Structures are given as C-alpha cells and as structure tokens.
Amino acid sequence: MGINILGMGRYLPEQTLTNDDFTRFVETNDEWIRTRTGITERRMAGWEPTWYMGTQAALKAIEAAGIAPKDIGLVISCTATPDFHTPSMASIIQNNTGAVNAGAFDLNAACTGFVYALDTARRFLETDNDMKYILVVANEALSRFLDFTDRSSCILFGDGAAAAVVEKSDKLYSSVLRSDGSGAGYLCARTLDVAPEVAVESDFEDPFPAMAQHKLYQNGKEVYKFAVNALPKSFELAAEKIGITSADIDWFVPHQANVRIIETAAKKLGVPMDKFIVTLDHYGNTSSVSIPLALFEAIENGTISRGQKLALIGFGAGLTYGGIILEY
C-alpha cells in the first residue's frame, strides 16, 4: 500500500537574513558562505512560535486537499524545536485546524523528520481502515537555539513550516528508516543538564561534548562524512526493496543541508544534478521542513507533476537517515 499526497501548504517567517547580514556579528562574508554551502539567504522566526508556523502551513494543506478537518484521523508534527516540553505541537495544531476527531503526537528525527513522519502516516493508514486522512506537519524554529558566535553553524539554518495531507493509495511506495546512534554527539543540543552534584557522586560519565545550554553543537567534519554516504544509501536501500534504479526516478528531493553534500550524493548515485530539487539557496537548512518545503515549491511551480516518481531522501541528528520512493 502506498499513499497519495492530496494537498500541501507552507509558512515562511516574515524576517529574511541574507549572508551580508551575518557580517554584523560574526567574521564571515557572502562569498565564503555561498561557496561552502550554496546558501544566500534564509528565513528567521521573529514573533512566530513553532506551533503557529505549523498551524498556518497545515491550514493551507487542508485547503489544498479540499477535505473537511473533521475527517482527519491523525496529526503528526515532526520537529526538533518545539515551543514546549509538553504539550506537543501536534495537539496545538490539531485544535487550531479544527481536526476535532484526530489523535496527535510529535515526532523528532531531526532533519529526517518528514521522511519518518510520512512513513509513520502510511503505516497508520495501512492498519486502520477507519482512518481516511492524516495531516503531517514539519515545523522548525532553529534560530532559537543557534549559537550566533559560531560562524560555522549559525549561517546554515533557517526557520519555517510545511505540511501535507495524505490518504491511502495503491500507488508505488517503498521506504527505509535507519539510525546510527554512535554519532549522536556529532549534532546535538541539550534541553536539561544532569545535576552536577549527582554526576560527581556517581560513576556516570557524560558521553556528549561540552556545549552551551540550549545551543546547537555540530561537528561539521563528522556530519559531512556521514551525510555524503547516508543520502545515497537512503535511496539505494528503499529502491532495492522494489527493484528499481535511480534511472526510474523523475525527481530526487533531498534534505537541504549543503549543496556540496547533494552534489556528492548525486555523483555516488550516477544522477545528474538537474534531477535534484535544490532550494537551500533561499531557505538554508530548515531541518525537518527542508524536504516538504522543496517538494511544495517544486509542485507549485510545475516542476513536479502527477504520476512522476519521487525519491525523498534525508539525514540528520541522531544520526538518523531514511528514504521514501513514491508516485506523486
């Protein structure tokens, strides 16, 4: 069983930060950022909470799908930057969209979040005959926990939201979800610290690197080494399940982290770059939002059309990775 994406929506924060804007508080310049990442600008949440951005994208997706909110059976919000420890962003979005009959929960697989959430949605649809539609929302406010003194990481990320309404279908579908937790310390941000007095009095040793509270830590070299292999592997594992090759795919929609990573993945797969949807130049790395944001834009501008075969491939903190092959 596959899925059909009935409708999509997005929300972009009002504030835009260009590469030149960063020169006011870190030692960098536009050329340095563009040549190393492919990014020229990104959106940054100001007054907009994560749940608000997710709600706006969700409302647009529901409208595009042409369904009644009461017919949504489940809301899944994928985010690494919730506004609260509890309640979930999904519960707030469920209420704000009028999905009165839906269950709701958050899912955190970092930048691979949309792949994980979409595949989770498919599994719910497959096992519950009473469930007609599922709303999948990716919403991130990464700027809230960036270290703006670290020029190697703060330039990379942006904020926003994208959502999709899906239903069960007999269309082509394959997926794979994986994780390599041995690299968990390469990309992380703390929420709560272990009490120092407890750590001193026990044999506990924190395996994670020292980092500022609530600030993103990234070992760029190790993440890059992981990413250039994880992206092609995500596709190959999913493709192997259904016996297809990269030549059968119309469009690759990868996680938008760094253009060099995408270029390396394309070479490994033997696929020309013009078959990859790339939007990171104007959005930056929006974590779980990057794949659905790129997918939305490509559908909206007519690049992707019905009946085409897509490969959604991602990687992220965890270290997680995964891929979905589907017919749009």
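User: Let's start with two helices: how close do the axes of H3 and H4 come, and at what angle do they cross?

Analyst: In this predicted model, the axes of H3 and H4 come within 9 Å and cross at roughly 45°. Angles from 65 to 115 degrees would count as roughly perpendicular and those under 35 degrees as roughly parallel, and H3 and H4 are therefore oblique to each other.

User: Which hand does the crossing of H3 and H4 have?

Analyst: The crossing of H3 and H4 is right-handed. On the H3 side the contact is made by Thr-50, Trp-51, Gly-54, Thr-55, Ala-58 and Leu-59, and on the H4 side by Met-89, Ile-92, Ile-93 and Asn-96.

User: Why does the length of H3 agree with what its residues should span?

Analyst: Helix H3 covers residues 50-65, and at 1.5 Å a residue its 16 residues should span 22 Å, which agrees with the 23 Å between its end C-alpha atoms.

User: Which residues of H3 are buried, and what do they pack against?

Analyst: The buried set in H3 consists of Thr-50, Met-53, Gly-54, Thr-55, Ala-57, Ala-58, Ala-61, Ile-62 and Ala-65. These buried residues pack against helix H4 (89-96) and also against four strands, namely S1 (2-11), S4 (72-78), S6 (133-140) and S7 (160-169). As background on such patterns, an α-helix has 3.6 residues a turn, so residues three or four places apart point the same way.

User: And the buried residues of H4, which are they?

Analyst: In H4 the buried residues are Met-89, Ala-90, Ile-92, Ile-93 and Gln-94, and they pack against H3, S4, S6 and strand S5 (103-107).

User: What follows each of these helices, H3 and H4?

Analyst: H3 is followed by Gly-66, whose phi is positive and near 70°, while just after H4 there is Gly-98, with a positive phi of about 75°.

User: Those are glycines; which other residues have a positive phi?

Analyst: Most residues other than glycine have a negative phi, and most peptide bonds are trans. Among the exceptions is Ala-110, with a positive phi of about 55°; Ala-110 sits in the loop between S5 and helix H5 (113-127). Another is Ser-287, with phi near 55°, and Ser-287 is placed in the loop between helix H10 (280-283) and helix H11 (290-300).

User: Are Ala-110 and Ser-287 buried or exposed?

Analyst: The cut-off for buried is under 20% relative accessible area, so Ala-110, with 9%, is buried, and Ser-287, with 3%, is buried as well.

User: Where are the cis peptide bonds?

Analyst: One joins Thr-86 and Pro-87, with omega about 10°, and Pro-87 lies in the loop between S4 and H4. Another joins Gly-318 and Leu-319, with omega about -5°, and Leu-319 is found in the loop between S12 and S13.

User: Changing topic: how many residues are in the largest nonpolar core, and which have the most contacts inside it?

Analyst: The largest nonpolar core has 47 residues, and those with the most contacts inside it are Phe-235, Phe-252, Phe-276, Phe-315 and Ile-325. Two or more residues are given to this core by each of helix H8 (220-242), helix H9 (259-269), strand S12 (309-316) and strand S13 (320-327), and the largest share, 10 residues, comes from H8.

User: What is Phe-235 in contact with, beyond its sequence neighbours?

Analyst: Leaving aside neighbours within four places in sequence, Phe-235 is in contact with Thr-245, Ser-246, Ile-249, Phe-252, Leu-269, Ala-311, Ile-313 and Ile-325. Apart from the core just described lies another, of 41 residues, which includes Val-289, Ile-291, Ala-294 and Ile-324.

User: How do H8 and H9 cross?

Analyst: Their axes come within 9 Å and cross at roughly 45°, and H8 and H9 are therefore oblique to each other. H8 passes H9 in a right-handed crossing, and the residues making the contact include Tyr-224, Leu-231 and Phe-235 of H8, together with Ile-261, Ala-265 and Leu-269 of H9.

User: Last one: where does Leu-310 lie, and what does it touch?

Analyst: Leu-310 lies in strand S12 and, at 0% relative accessibility, counts as buried. Not counting residues up to four places away in sequence, Leu-310 touches Ile-249, Trp-251, Leu-295, Ile-304, Ile-324, Ile-325, Leu-326 and Tyr-328. The C-alpha atoms of Leu-310 and Ile-299, which are 11 residues apart along the chain, are separated by 12 Å.

Methods
Residues are numbered from 1 along each chain as its sequence is written. This is a predicted model: local features need pLDDT of at least 70, side-chain atom pairs count only at pLDDT 80 or more; totals for chains, interfaces and linings use all residues. Side-chain values use heavy atoms; hydrogens and water are left out. The expected span of a helix is 1.5 Å times one less than its number of residues. Buried means under 20% relative accessible area, exposed over 50%, partly exposed in between (1.4 Å probe, protein chains only). Contact means heavy atoms within 4.5 Å. A nonpolar core is a set of buried Ala, Val, Leu, Ile, Met, Phe, Trp, Tyr and Cys residues joined through side-chain atoms within 4.5 Å. Axes are lines fitted to C-alpha atoms, for helices over the stretch in contact, and angles run from 0 to 180 degrees between N-to-C directions. Angles under 35 degrees count as roughly parallel, over 145 as roughly antiparallel, 65 to 115 as roughly perpendicular and the rest as oblique. A crossing is left-handed if the near helix is turned anticlockwise from the far one by less than a right angle, and right-handed if clockwise.
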